[in-house]
Amino acid sequence: MTNYGTIPTSSSPSANLEYISRAKDRIKAGLSTRRPWKMLYNFRSFGLPASFKDAIGRVRTNAAYFRMNYAIVILVILFLSLLWHPISLIVYIVMAVVWLFLYFLRDEPLVLLGHTIDDRIVLVVLAVLTIGSLLFTNATTNILVSVLVGAAVVVVHAAFRKTDDLFLDEENTGLMTATGVGAGSSPS
């Protein structure tokens, strides 16, 4: 007896459970680069920078350390601003799915045409694509204001958050050394 042309009426429960388990593992792995929110908002870690140069150093260090958290903050602010623009909200949700798969839930580096793409490049490209696609939905002023508010929140937080209690991993330490902060200096 052959089964050609038949459509299965149900998929196996074990395949569904395996897919859910894999998705759950990818979510955990993708969010593992996110720093704890308690650490981000530890009120004892806030203080005025001694100088403008110190503030710039803090912004660079905190931006590298809390990159995933800052991206989430800006995306949430953008989402909240789009609640009164349904078409923009639909576009935003589609782009959020793209963000999930290409930035937040990836367990391997992104490879395009045999070249490994850095996470910072993926972050910038996705941000530009998200903002660009949203600008076509006639919510331009709303989007620009929300992105500026999000960026201002991130920069203010990064400038006032001390960096004494941050432990940079190897990848971020290389970034900090290249920018003149980190290894050898002690930013506060």
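In this predicted model, ring pairs join Tyr65, Phe66 and Tyr70 into a cluster. Taking ring centres within 6.5 Å as the criterion for a pair, the count comes to three aromatic pairs.

Let me begin inside the cluster. The ring centres of Phe66 and Tyr70 are 6.0 Å apart and their planes stand at 55°, so this pair is classed as tilted. The class follows because planes under 30 degrees apart would count as stacked and those over 60 as edge-to-face. As to their surroundings, both Phe66 and Tyr70 are buried.

I turn next to Phe79 and Tyr92, which also form a tilted aromatic pair. Here the separation is 5.8 Å centre to centre, with 40° between the planes. What does this pair tie together? Phe79 belongs to helix α4, residues 67-81, and Tyr92 to helix α5, residues 86-104, so the contact ties together parts that are 13 residues apart in sequence.

Are these two partners buried or exposed? Phe79 has 30% relative accessibility and therefore counts as partly exposed. Tyr92, at 8% relative accessibility, counts as buried. The cut-off behind the term buried is under 20% relative accessible area.

Finally, I would draw attention to Met68, a residue of helix α4. With 5% relative accessibility, Met68 counts as buried. How far apart are Met68 and Leu123 in sequence and in space? They are 55 residues apart in sequence, and their C-alpha to C-alpha distance in space is 9.4 Å.

Methods: Residues are numbered from 1 along each chain as its sequence is written. This is a predicted model: local features need pLDDT of at least 70, side-chain atom pairs count only at pLDDT 80 or more; totals for chains, interfaces and linings use all residues. Side-chain values use heavy atoms; hydrogens and water are left out. Buried means under 20% relative accessible area, exposed over 50%, partly exposed in between (1.4 Å probe, protein chains only). Helices (H or I, at least four residues) and strands (E, at least two) are DSSP runs, numbered from the N terminus.
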